[in-house]
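Me: Please take a close look at one part of this model, the aromatic side chains and how their rings are arranged, and then set that part against the rest of the fold. I would like one connected account rather than a list.

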Amino acid sequence: MKPVLEYLPREEEESFVVKYFDYDYYPTPWHYHPEYELVLVTESTGKRFIGDNIKSFSPGDLALIGPNVPHLYRNDPPYYQPQSGLRASSIVIHFLASSIGDDFLALPACRKIRELLSKSAMGLDIKGKANTMVAEQMHQLLELKGVPRLLKLLDILNTLAETKDKRHISNQLVKGENDRESERLNKVFEYVMKNFLSEISITDVAGLVHMAENSFSRYFSQRTRKTFSAFVNEIRLSHSSRLLADTDKSVSEICFASGFNNLSNFNRQFKSLYGLSPLAYRNQYIVKA
C-alpha cells in the first residue's frame, strides 16, 4: 500500500497535537509523517502494520512510532459491516523534537529521552506497568492546555524512557516512500487482507498489479523487506494468535481457520515467528474467565 504523508494540524498556541479519535473503523491508510507518534488503542481489534512487523491489536495496545516509519491500523472484518455498532477509538499524540525544544533535549538530564526517541526509529511496543501508567497519562493529557500539557508530555516521555517494559517492533529500519510505483502495493494489501483465509496465488496477485511474477516478487521484497509468502504467512499467523488467545478452538481447528492447509507446517511457521508452539503460546497468553 502506498504510504501517504499524513499531517495533523495542531491547535493555536500548542506545540504538539493530541487527539481522541472515534470511528466506525480506522480510516487512515498505510501512512507516515515526520512527527513521532504515540498511539493508544482504546477500543477495537484488528491488525497493526508498523515498519516490517505485523501484529494483532486490541484495547490497551500502546506503541511509540518514530518519524517517517510507515504504519497502518486495520480493523477486523466485522468493523466494516454496515451498522455494526462497533467503535474504533484511540488517543494519538504527534510531536517533533522541536515541540519540546532542541536545546532542552540536548541537556544532560534528557539523555534517556534522547535514547528513547532514537530507538523509536524501529517502533516501540509498551507493555506492563508502563503501559497502564502512560495510558492514564494520555487520558489526562486530553484535558490539558498550554504549559501543563507540555509538562504532561515530558512526564509521559520520561516514563517511557525509564521503563524496561518496551521492545522494538520492526526488525529493521523501514522509511516511508511516496513514489508512484508504490501505488501498486495498495491493491496488494487490500487483496491479501480480504483473502488471506483462502488460497492466494502469487500469479493472481502479480496479475492484479500487471507485473510478471519474478518482477513482482523482487518489487514486493524491496518495498516491504520480506517475501510475499512470508507477508501472507505473518497475517495468517497473527490471525491464529488471536484465535489461540480468545477462543477454545483446538490447534488443528485454528490452523485451518487461519488459511493453512497443513498442521505440521502451521506449527513450524508459528514457532519460527513467535518462538513458541501454538499450545505453549496459548498457555502463556490466554486470559481465562
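Reply: In this predicted model, ring pairs join Phe-49, Phe-216, Phe-220, Phe-228 and Phe-231 into a cluster. Across the whole structure the count of aromatic pairs comes to 16. One of them is formed by Phe-220 and Phe-231, whose ring centres are 5.3 Å apart and whose planes make 65°, an edge-to-face arrangement. Because Phe-220 belongs to helix 8 (residues 213–224) and Phe-231 to helix 9, this pair ties together parts that are eleven residues apart in sequence. Both partners are shielded from the surroundings: Phe-220 is buried, with a relative accessible area of 0%, and Phe-231, at 3% relative accessibility, counts as buried as well.

A second pair can be set beside that one. The rings of Phe-266 and Phe-270 have their centres 5.9 Å apart and their planes at 55°, and since edge-to-face requires an angle over 60 degrees, this pair is classed as tilted. Here both residues lie in helix 11 (residues 263–274), four residues apart, which is about one turn of the helix, and both are buried.

Two further residues connect these aromatic side chains with other parts of the chain. Ile-202, in helix 7 (residues 202–208), is in contact with Glu-213, Phe-216, Ser-217 and Phe-228, leaving aside its neighbours within four places in sequence, and two of these partners, Phe-216 and Phe-228, are members of the ring cluster. With 25% relative accessibility, Ile-202 counts as partly exposed. Ser-241, by contrast, lies in helix 9 (residues 228–246) and counts as buried at 5% relative accessibility. Not counting residues up to four places away in sequence, Ser-241 touches Ser-56, Phe-270, Tyr-274 and Tyr-281, so that its contacts include Phe-270, a member of the tilted pair. Tyr-281 also gives a sense of span, for its C-alpha atom and that of Ile-202 are separated by 30 Å, the two residues being 79 residues apart along the chain.

Turning to the rest of the fold, six strands form an open sheet with antiparallel pairing, in the order 2-9-4-7-10-11. Its edges are strand 2 (17–23) and strand 11 (166–168), each of which pairs on one side only, and neighbouring strands are turned against each other by 20° on average, direction ignored. Within the sheet, strand 4 (residues 36–43) and strand 9 (residues 88–95) run antiparallel and are joined by seven bridges, with Leu-38 standing opposite Ile-93 of strand 9. Helix 4 (residues 128–141) packs on this sheet, touching strands that include strand 2, strand 4 and strand 9, and its direction makes about 95° with that of strand 4. Helix 5 (residues 146–162) packs on the sheet too, with strand 10 and strand 11 among the strands it touches, and its direction makes about 95° with that of strand 9.

Helix 5 also meets helix 3 (residues 111–119): the axes of the two come within 9 Å and cross at roughly 80°, and the helices are therefore roughly perpendicular to each other. On the helix 3 side the contact is made by Lys-112, Ile-113 and Leu-116, and on the helix 5 side by Leu-157, Asn-158, Leu-160, Ala-161 and Glu-162. By character, these contact residues divide into five nonpolar, one polar and two charged.

Conventions: Residues numbered from 1 in each chain as written. Predicted model: local features only at pLDDT ≥ 70, side-chain atom pairs only at ≥ 80, totals over all residues. Heavy atoms only, no water. Pairing = 2+ DSSP bridges. Axes fitted to C-alpha atoms, helices over the stretch in contact; angles between N-to-C directions. Contact = heavy atoms within 4.5 Å. Parallel < 35°, antiparallel > 145°, perpendicular 65-115°, else oblique. Nonpolar A, V, L, I, M, F, W, Y, C, P; charged D, E, K, R; others polar. Buried < 20%, exposed > 50% of the residue type's maximum accessible area, 1.4 Å probe, protein only. Phe/Tyr/Trp six-rings, centres within 6.5 Å; stacked < 30°, edge-to-face > 60°.
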